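Hi,

Here is the structure I promised to pass on. Have a look at it first, and my notes on the pockets and helices follow below.

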Amino acid sequence: TIKRYHYSEWLDCRRITVQELYDLILEIKSSARSEYPLWIHCRAGMGRTGTLATALILLEEIRSGRIEEETLADGLSHLIL
């Protein structure tokens, strides 16, 4: 089963707000199923894929308690380096 989600509000070389990113993550998480892999891509390859993937992982790390407010900067650095 493949479910495609097309998010057209995040334009090339542009940013979205933190709230828009969070809402997008919640929508993805609500429709994703753990037994299937999640594939992310953007058409232009200008950073949206990496931003979304990092945000998804970061949210999971925060919710699981592996990253806390005091360790957020170090945790984020660890994710992207």
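A quick word on classes before the pockets: Ala, Val, Leu, Ile, Met, Phe, Trp, Tyr, Cys and Pro count as nonpolar, Asp, Glu, Lys and Arg as charged, and the others, Gly among them, as polar. By that split, the lining of the largest pocket has 15 nonpolar, 6 polar and 6 charged residues.

Keep in mind that this is a predicted model, where local features need pLDDT of at least 70 and side-chain atom pairs pLDDT 80 or more, while totals for chains, interfaces and linings use all residues. Numbering starts from 1 along each chain as its sequence is written, and side-chain values use heavy atoms, without hydrogens and water.

The largest pocket (on a 1 Å grid over the protein atoms alone, an open set of points where a 1.4 Å probe fits, with protein on both sides within 12 Å along at least five of seven lines; lining residues have an atom within 4 Å of a point) has a volume of about 1,100 Å³ (the space filled by probe spheres set on the points, joined across faces, edges and corners). Of its 27 lining residues, K3, R4, Y5, W39 and I40 are the closest to the centre.

The second largest pocket holds about 230 Å³. Its lining has 8 nonpolar, 2 polar and no charged residues. The largest share, 6 residues, comes from α2 (helices are DSSP runs of H or I, at least four residues, numbered from the N terminus).

Cheers

Key: Helix = DSSP H or I, 4+ residues; strand = E, 2+ residues; numbered from the N terminus.
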